[in-house]
Amino acid sequence: MQLRYNYRLYPASAQRAALARVFGCARVVFNDGLRIRQEAHAAGLPYVSDAELSARLTAAKAAPERAWLGEVSAAVLQQALADLNAAYRNFFASLKGERKGPKMGPPKFRSRKDHRQAARFTANARFKVLANGKLRLPKIGDVPVRWSRPLPSEPSSVTVIKDSAGRYFASFVIETEPRALPRTEPVTGIDLGLNHFAVLSDGRRIASPRFLRRAEKKLRHTQRSLSRKQQGSNNRDKARGKVARVHARVADARREFHHQLSTALIRENQAVAVEDLAVSGLARTRLAKSVRDAGWSSFVAMLEYKARLYGREFHRISRWAPTSQVCSACGTKDSPKPLHVRAWQCQACGAWLDRDINAAVNVAKAAGLAVTACGAQVRPGAMLLAPRSEAGTLPKPRREAA
Ligand SMILES: [Zn+2]
């Protein structure tokens, strides 16, 4: 299986200028390809094949107004087209319902104002990790890298990224063999929620950690301060840079939390089950922002690849399973519950159920996992008395592959 390993890059100023050219050329090629296909589609012509698109790129480089494309590695430009082709394939697979995971829209034009600028160097581009620890990129130079952990094997490609805070990263793809952990007994269902980040079928509630909430608070504060600055002023530019840097810190803190939690869950359980696409269902509602901020889909993706890596079972449950309406004790389906109903009593068996834990138990049961419904049952009124410290704690895991 393939894993990504990310490291910070520190390009010198001439290298930053060269990278800016690479990002720009990759963007132009991607957009040119997208435009050719869109125009063909609008004119009722057949889909322009990958080979024809590649041939047109080669022809375009001969034209004087696109001659500057020759200043960057040709393999990087071919890769930009390959990315466009992959985006189209994902979109078509989504249309046909063949794609697992979130639905993909059609490819969109890239802009120089995008928060993330990126270009991919494959083996064809002949990038190289040098003995002195620098990363050699064709037509850019030897770029210093901070190796935060060792690269386990020869990478097949590297994506160079510049984020909105102006930081550079190298993201390597590494082919890795799964390393199964010893078998363990526990299994768990996970309900991803808005009040808590996650609720487990054994009754534990997991809140976002304090470092993340603190970073998010700081982000809201700097965003407010930006909105008070005058349009077009120097202060506004400065404030925008500050927002981008705080934003990058929040994203880092969130990723760190997702890594810790997903590793802990995979280590302590033989099988985990989560609800599929709850995200895209909710994302169309006004809850969209908190859903996006909670970053559930990246968390679920981590659970999935770590389950594969460590030989655990991973289950996605159809989003149409009415997990919050079915009694996890007796299986009777009740009426839909508005979000403010945190606990309810089953009319068939009389069990009092905690909404979130009941859902987590149902997710586990729908995946065929043997969990008990005990955790889901509450005494009437217990919800109101639940202490603030109810958030579940998990053992702190080791740092994991990013
Ligand atoms: Zn019941």
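# Close-up views of the predicted model

A search of the whole structure finds zero disulfides. The model shown in these views is predicted.

**Figure 1. Overview of the protein chain, with its 10 helices and 15 strands.** Of the 402 residues of the protein chain, 43% count as buried. Among the contacts in the protein chain with a separation of 6 or more, 69% are accounted for by residues 24 or more positions apart. One of the cysteines, Cys25, is buried, with a relative accessible area of 4%.

**Figure 2. The zinc ion and its coordination by Cys327, Cys330, Cys346 and Cys349.** The SG atom of each of these residues serves as donor, at 2.3 Å. The angles among the four donor atoms run from 107 to 112°, and the site is tetrahedral. Along the sequence the donor residues follow the spacing C-x2-C-x15-C-x2-C. The pair Cys327 and Cys346 links distant parts of the chain, the two residues being 19 residues apart. Cys327 lies in the loop between strand 13 (313–317) and strand 14 (343–345), whereas Cys346 lies in the loop between strand 14 and strand 15 (352–354).

**Figure 3. Accessibility of donor residues at the zinc ion, including Cys327.** Cys327 has a relative accessible area of 1% and is therefore buried, the limit being under 20%. Cys346 is likewise buried, at 3%. Cys330, with a relative accessible area of 35%, is partly exposed.

**Figure 4. The open sheet of five strands, in the order 2-7-8-1-6.** The pairing within this sheet is antiparallel. Strand 2 (117–122) and strand 6 (145–146) stand at the edges; each has a single partner strand, so one side of each is left without a neighbour in the sheet. Helix 1 (residues 13–42) packs on the sheet and touches strand 2, strand 7 and strand 8. The direction of helix 1 makes about 90° with that of strand 2.

**Figure 5. Strand 7 (residues 157–162) between its partners, strand 2 and strand 8.** Six bridges join strand 7 to strand 8 (residues 168–175), and the two run antiparallel. Within this pairing, Ser157 stands opposite Val173 in strand 8. Strand 2 and strand 7 also pair in the antiparallel sense, over six bridges. Here Ala118 has Ile161 in strand 7 as its bridge partner. Five of the six residues of strand 7 are buried, so this strand is largely enclosed by the rest of the structure. The hairpin of strand 7 and strand 8 has five residues between the strands, and in this hairpin Gly166 takes a positive phi near 80°.

**Figure 6. The two faces of strand 1 (residues 2–9).** In a regular strand the side chains alternate between the two faces of the sheet. Leu3, Tyr5, Tyr7 and Leu9 make up the covered face of strand 1, while Gln2, Arg4, Asn6 and Arg8 make up the uncovered one. Strand 1 pairs with strand 8 in the antiparallel sense over eight bridges. Leu9, from the covered face, has Tyr168 in strand 8 as its bridge partner. Strand 1 also pairs with strand 6, again in the antiparallel sense, over two bridges. Arg8, from the uncovered face, has Arg146 in strand 6 as its bridge partner.

**Figure 7. Arg149 in the loop between strand 6 and strand 7.** Arg149 has a relative accessibility of 22% and counts as partly exposed. Arg149 and Tyr5 are 144 residues apart in sequence, yet the C-alpha to C-alpha distance between them is 8.9 Å. Tyr5 belongs to the covered face of strand 1.

**Figure 8. The open sheet of three strands, in the order 3-4-5.** The pairing in this sheet is antiparallel. Strand 3 (128–129) and strand 5 (141–143) are the edge strands, and each pairs on one side only. Two bridges join strand 3 to strand 4 (residues 135–137), and these strands run antiparallel. Lys128 has Arg136 in strand 4 as its bridge partner.

Conventions: Residues are numbered from 1 along each chain as its sequence is written. This is a predicted model: local features need pLDDT of at least 70, side-chain atom pairs count only at pLDDT 80 or more; totals for chains, interfaces and linings use all residues. Side-chain values use heavy atoms; hydrogens and water are left out. Donors are N, O and S atoms within 2.8 Å of the metal (3.2 Å for Na, K and Ca); water is not among the atoms, so sites may look incomplete. Four donors count as tetrahedral if all angles lie between 85 and 135 degrees; four count as square planar and six as octahedral if opposite donors are over 155 degrees apart and all others between 65 and 115; anything else is irregular. Helices (H or I, at least four residues) and strands (E, at least two) are DSSP runs, numbered from the N terminus. Buried means under 20% relative accessible area, exposed over 50%, partly exposed in between (1.4 Å probe, protein chains only). Two strands pair if DSSP finds at least two bridges between them. Contact means heavy atoms within 4.5 Å. Axes are lines fitted to C-alpha atoms, for helices over the stretch in contact, and angles run from 0 to 180 degrees between N-to-C directions. A disulfide is a pair of cysteine sulfur atoms within 2.5 Å.
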